[in-house]
Amino acid sequence: DFSDILNLTRQLYESERARVMEPLVVGLTHQIRQPLTVVRAAAQYTLETFKTTLRSKDFQETMESIIQNVDTVNDVIINLLHFSKPSPYTMKKGSLLELLERGLRLVRTQIKEQKVSVQKEWPKDLPATLMDEKLLLHAYVNLLVNALQSMTQGGRLTVTASCQENSVPPRVCIAIEDTGKGISKEHLCKLGQPFFTTKNGGVGLGLAVAEGIIGAHNGKIHFESQENQGTKALIELYLPS
(Lines give C-alpha, C1' and ligand atoms only; values in the text may rest on other atoms or scores of the structure.)
Protein backbone atom coordinates (compact mmCIF):
# COMPACT_ATOMS: atom_id res chain seq x y z
CA ASP A 1 0.00 0.00 0.00
CA PHE A 2 1.43 3.35 -1.07
CA SER A 3 0.36 5.16 2.13
CA ASP A 4 2.18 2.55 4.25
CA ILE A 5 5.36 3.02 2.20
CA LEU A 6 5.02 6.79 2.53
CA ASN A 7 4.57 6.59 6.30
CA LEU A 8 7.54 4.24 6.67
CA THR A 9 9.71 6.55 4.56
CA ARG A 10 8.68 9.52 6.71
CA GLN A 11 9.48 7.61 9.91
CA LEU A 12 12.91 6.61 8.60
CA TYR A 13 13.61 10.21 7.60
CA GLU A 14 12.58 11.53 11.03
CA SER A 15 14.71 8.92 12.78
CA GLU A 16 17.79 9.69 10.68
CA ARG A 17 17.28 13.43 11.07
CA ALA A 18 17.16 13.13 14.85
CA ARG A 19 20.24 10.86 14.91
CA VAL A 20 22.35 13.26 12.85
CA MET A 21 21.12 16.64 14.05
CA GLU A 22 20.34 16.19 17.73
CA PRO A 23 23.94 15.99 19.09
CA LEU A 24 25.05 18.88 16.88
CA VAL A 25 22.14 21.16 17.76
CA VAL A 26 22.24 20.44 21.48
CA GLY A 27 25.96 21.23 21.59
CA LEU A 28 25.59 24.42 19.59
CA THR A 29 22.61 25.54 21.64
CA HIS A 30 24.53 25.24 24.89
CA GLN A 31 27.46 27.20 23.49
CA ILE A 32 25.32 29.96 21.99
CA ARG A 33 22.56 30.41 24.55
CA GLN A 34 24.84 31.03 27.52
CA PRO A 35 26.53 34.16 26.10
CA LEU A 36 23.21 35.32 24.63
CA THR A 37 21.64 35.24 28.08
CA VAL A 38 24.48 37.34 29.48
CA VAL A 39 24.27 39.88 26.63
CA ARG A 40 20.49 40.25 26.98
CA ALA A 41 20.62 40.61 30.74
CA ALA A 42 23.38 43.23 30.48
CA ALA A 43 21.49 45.22 27.85
CA GLN A 44 18.26 45.08 29.86
CA TYR A 45 20.05 46.19 33.04
CA THR A 46 21.81 49.04 31.24
CA LEU A 47 18.58 50.21 29.65
CA GLU A 48 16.63 50.22 32.90
CA THR A 49 19.47 51.82 34.88
CA PHE A 50 20.43 54.68 32.60
CA LYS A 51 17.49 55.54 30.35
CA THR A 52 16.01 57.96 32.90
CA THR A 53 19.33 59.70 33.63
CA LEU A 54 20.78 59.84 30.13
CA ARG A 55 17.46 60.73 28.49
CA SER A 56 18.94 59.83 25.12
CA LYS A 57 16.62 58.45 22.47
CA ASP A 58 19.60 57.06 20.57
CA PHE A 59 20.82 55.21 23.67
CA GLN A 60 17.40 53.71 24.33
CA GLU A 61 16.94 52.61 20.72
CA THR A 62 20.41 51.02 20.71
CA MET A 63 19.72 49.01 23.86
CA GLU A 64 16.29 47.95 22.62
CA SER A 65 17.84 46.89 19.31
CA ILE A 66 20.37 44.69 21.14
CA ILE A 67 17.59 43.03 23.15
CA GLN A 68 15.42 42.54 20.08
CA ASN A 69 18.23 40.98 18.06
CA VAL A 70 19.17 38.64 20.92
CA ASP A 71 15.53 37.53 21.05
CA THR A 72 15.58 36.93 17.28
CA VAL A 73 18.65 34.70 17.56
CA ASN A 74 17.05 32.86 20.47
CA ASP A 75 13.94 32.20 18.35
CA VAL A 76 16.14 30.67 15.65
CA ILE A 77 17.73 28.40 18.26
CA ILE A 78 14.32 27.31 19.55
CA ASN A 79 13.19 26.45 16.01
CA LEU A 80 16.39 24.54 15.35
CA LEU A 81 16.02 22.60 18.59
CA HIS A 82 12.43 21.70 17.87
CA PHE A 83 13.26 20.67 14.32
CA SER A 84 16.12 18.40 15.37
CA LYS A 85 14.28 16.90 18.32
CA PRO A 86 10.58 17.78 18.54
CA SER A 87 9.47 18.52 22.08
CA PRO A 88 7.10 16.05 23.72
CA TYR A 89 3.49 17.22 23.50
CA THR A 90 1.34 17.73 26.59
CA MET A 91 -2.19 17.87 25.27
CA LYS A 92 -4.82 19.59 27.40
CA LYS A 93 -8.12 21.23 26.61
CA GLY A 94 -7.43 24.88 25.90
CA SER A 95 -9.00 28.02 24.48
CA LEU A 96 -8.21 28.86 20.86
CA LEU A 97 -9.74 32.28 21.46
CA GLU A 98 -7.17 33.11 24.15
CA LEU A 99 -4.35 31.67 22.04
CA LEU A 100 -5.23 33.89 19.06
CA GLU A 101 -5.31 37.00 21.23
CA ARG A 102 -2.11 36.12 23.07
CA GLY A 103 -0.18 35.59 19.85
CA LEU A 104 -1.09 39.06 18.60
CA ARG A 105 -0.02 40.58 21.92
CA LEU A 106 3.39 38.91 21.62
CA VAL A 107 4.09 40.60 18.26
CA ARG A 108 2.49 43.96 19.08
CA THR A 109 5.88 45.73 19.24
CA GLN A 110 6.75 44.60 15.72
CA ILE A 111 3.25 45.57 14.54
CA LYS A 112 3.67 49.07 15.97
CA GLU A 113 7.21 49.58 14.67
CA GLN A 114 6.28 48.53 11.13
CA LYS A 115 3.06 50.61 11.15
CA VAL A 116 0.96 47.57 10.29
CA SER A 117 -2.78 47.69 10.86
CA VAL A 118 -4.47 44.62 12.34
CA GLN A 119 -7.87 43.25 11.44
CA LYS A 120 -9.18 40.30 13.41
CA GLU A 121 -12.45 38.44 13.23
CA TRP A 122 -13.59 35.34 15.07
CA PRO A 123 -16.64 34.25 17.08
CA LYS A 124 -16.58 34.62 20.85
CA ASP A 125 -17.78 31.02 21.21
CA LEU A 126 -14.84 29.52 19.31
CA PRO A 127 -14.67 25.98 20.74
CA ALA A 128 -11.92 24.77 23.02
CA THR A 129 -9.83 21.86 21.78
CA LEU A 130 -7.00 19.58 22.86
CA MET A 131 -3.66 21.36 22.45
CA ASP A 132 -0.17 21.81 23.75
CA GLU A 133 -0.70 25.52 24.33
CA LYS A 134 2.99 26.44 24.41
CA LEU A 135 3.86 24.65 21.17
CA LEU A 136 0.72 25.63 19.26
CA LEU A 137 1.31 29.25 20.30
CA HIS A 138 4.89 28.93 19.04
CA ALA A 139 3.63 27.76 15.62
CA TYR A 140 1.05 30.58 15.48
CA VAL A 141 3.61 33.25 16.38
CA ASN A 142 6.01 31.85 13.75
CA LEU A 143 3.30 32.42 11.15
CA LEU A 144 2.52 35.92 12.44
CA VAL A 145 6.20 36.90 12.38
CA ASN A 146 6.56 35.49 8.88
CA ALA A 147 3.62 37.63 7.72
CA LEU A 148 5.00 40.75 9.41
CA GLN A 149 8.46 40.26 7.89
CA SER A 150 6.91 40.59 4.44
CA MET A 151 5.45 44.03 5.30
CA THR A 152 8.47 46.12 6.26
CA GLN A 153 6.90 49.26 4.75
CA GLY A 154 3.54 48.93 6.47
CA GLY A 155 0.47 47.00 5.45
CA ARG A 156 -2.45 45.07 6.90
CA LEU A 157 -2.39 41.85 8.92
CA THR A 158 -5.70 39.99 8.95
CA VAL A 159 -6.39 37.07 11.29
CA THR A 160 -9.73 35.29 11.03
CA ALA A 161 -11.12 32.10 12.53
CA SER A 162 -14.34 30.17 12.13
CA CYS A 163 -15.79 26.89 13.32
CA GLN A 164 -17.19 24.41 10.82
CA GLU A 165 -19.03 22.00 13.08
CA ASN A 166 -21.03 20.46 10.23
CA SER A 167 -17.92 19.46 8.28
CA VAL A 168 -16.68 15.87 8.39
CA PRO A 169 -14.68 15.90 10.54
CA PRO A 170 -15.64 19.14 12.34
CA ARG A 171 -12.85 21.70 12.30
CA VAL A 172 -11.69 25.19 13.16
CA CYS A 173 -10.27 27.17 10.25
CA ILE A 174 -7.73 29.93 10.94
CA ALA A 175 -6.41 32.30 8.28
CA ILE A 176 -3.40 34.63 8.62
CA GLU A 177 -3.18 37.03 5.70
CA ASP A 178 -0.71 39.81 4.92
CA THR A 179 -0.46 42.46 2.21
CA GLY A 180 3.27 41.96 1.68
CA LYS A 181 5.32 41.25 -1.41
CA GLY A 182 3.87 37.77 -1.92
CA ILE A 183 5.58 34.61 -3.15
CA SER A 184 6.17 33.38 -6.68
CA LYS A 185 4.53 30.14 -7.87
CA GLU A 186 7.99 28.64 -8.15
CA HIS A 187 8.68 29.19 -4.46
CA LEU A 188 5.16 28.66 -3.11
CA CYS A 189 5.35 24.89 -3.46
CA LYS A 190 8.59 24.87 -1.44
CA LEU A 191 7.19 26.64 1.63
CA GLY A 192 7.57 24.49 4.71
CA GLN A 193 10.60 22.65 3.36
CA PRO A 194 13.38 22.71 5.97
CA PHE A 195 16.08 25.31 5.29
CA PHE A 196 14.23 26.82 2.32
CA THR A 197 13.88 30.58 2.61
CA THR A 198 13.57 33.63 0.38
CA LYS A 199 14.71 36.04 3.12
CA ASN A 200 18.19 37.47 3.35
CA GLY A 201 19.79 35.92 6.42
CA GLY A 202 16.84 33.58 6.96
CA VAL A 203 17.28 30.03 8.20
CA GLY A 204 14.13 28.49 6.73
CA LEU A 205 12.91 26.59 9.79
CA GLY A 206 10.00 28.68 11.11
CA LEU A 207 7.40 27.37 8.67
CA ALA A 208 8.75 23.81 8.82
CA VAL A 209 8.43 23.83 12.61
CA ALA A 210 4.95 25.41 12.45
CA GLU A 211 3.79 22.78 9.96
CA GLY A 212 5.10 19.97 12.17
CA ILE A 213 3.39 21.34 15.28
CA ILE A 214 0.07 21.84 13.51
CA GLY A 215 0.28 18.32 12.09
CA ALA A 216 0.80 16.97 15.60
CA HIS A 217 -2.42 18.77 16.60
CA ASN A 218 -4.42 16.79 14.04
CA GLY A 219 -4.36 19.66 11.59
CA LYS A 220 -2.89 20.82 8.32
CA ILE A 221 -1.71 24.05 6.74
CA HIS A 222 -1.39 25.34 3.22
CA PHE A 223 -0.52 28.66 1.62
CA GLU A 224 -2.00 30.91 -1.04
CA SER A 225 -0.04 33.82 -2.49
CA GLN A 226 0.27 36.26 -5.35
CA GLU A 227 3.35 38.32 -6.01
CA ASN A 228 3.04 41.95 -4.88
CA GLN A 229 -0.37 41.25 -3.31
CA GLY A 230 0.30 39.18 -0.23
CA THR A 231 0.18 35.71 1.27
CA LYS A 232 -2.42 33.77 3.23
CA ALA A 233 -1.67 30.87 5.58
CA LEU A 234 -4.71 28.62 6.00
CA ILE A 235 -4.83 26.33 9.03
CA GLU A 236 -7.37 23.59 9.64
CA LEU A 237 -7.52 22.07 13.11
CA TYR A 238 -9.76 19.03 13.31
CA LEU A 239 -11.86 18.91 16.46
CA PRO A 240 -12.10 15.71 18.51
CA SER A 241 -15.40 13.94 18.00
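Which residues does His217 touch, not counting residues up to four places away in sequence? In this predicted model, His217 touches Tyr89, Met91, Leu130, Met131, Asp132, Leu136 and Leu237. The residue sits in the loop between helix H7 (206-216) and strand S6. His217 has a relative accessible area of 6% and counts as buried, because buried means under 20%.

**Salt bridges**

Side chains of opposite charge can pair when their charged atoms come close. Searching the whole structure gives five salt bridges. Three of them are set out below.

| Salt bridge | Closest N to O distance |
|---|---|
| Glu133 and Arg102 | 3.4 Å |
| Lys232 and Glu177 | 3.9 Å |
| Glu236 and Lys220 | 3.8 Å |

**Between two helices**

In the salt bridge of Glu133 with Arg102, the closest N and O atoms are 3.4 Å apart. This pair links distant parts of the chain, with the two positions 31 residues apart: Glu133 belongs to helix H5 (residues 133-149) and Arg102 to helix H3 (residues 96-106). Glu133 is partly exposed at 40% relative accessibility. Arg102 is also partly exposed, its relative accessible area being 37%.

**Between strands**

Lys232 and Glu177 form a salt bridge through their side chains, at 3.9 Å from N to O. Here too the pair links distant parts of the chain: Lys232 is in strand S7 (residues 230-238), Glu177 is in strand S5 (residues 171-177), and they are 55 residues apart. Lys232 has a relative accessible area of 24% and is partly exposed. For Glu177 the value is 34%, again partly exposed.

Strand S7 also holds Glu236, whose side chain meets that of Lys220 in a salt bridge of 3.8 Å, N to O. Because Lys220 lies in strand S6 (residues 219-226) and Glu236 in strand S7, the pair ties together parts that are 16 residues apart in sequence.

Is Glu236 buried or exposed? Its relative accessibility is 17%, and it counts as buried because the cut-off for buried is under 20%. Its partner Lys220 is partly exposed, at 45% relative accessibility. Glu236 and Lys220 also belong to a network: salt bridges with shared partners join them with Arg171.

**In brief**

His217 is buried in the loop between helix H7 and strand S6. Glu133 and Arg102 link helix H5 with helix H3, Lys232 and Glu177 link strand S7 with strand S5, and Glu236 and Lys220 tie strand S7 to strand S6.

Definitions and conventions: Residues are numbered from 1 along each chain as its sequence is written. This is a predicted model: local features need pLDDT of at least 70, side-chain atom pairs count only at pLDDT 80 or more; totals for chains, interfaces and linings use all residues. Side-chain values use heavy atoms; hydrogens and water are left out. A salt bridge is a side-chain nitrogen of Lys or Arg within 4 Å of a carboxyl oxygen of Asp or Glu. Helices (H or I, at least four residues) and strands (E, at least two) are DSSP runs, numbered from the N terminus. Buried means under 20% relative accessible area, exposed over 50%, partly exposed in between (1.4 Å probe, protein chains only). Contact means heavy atoms within 4.5 Å.
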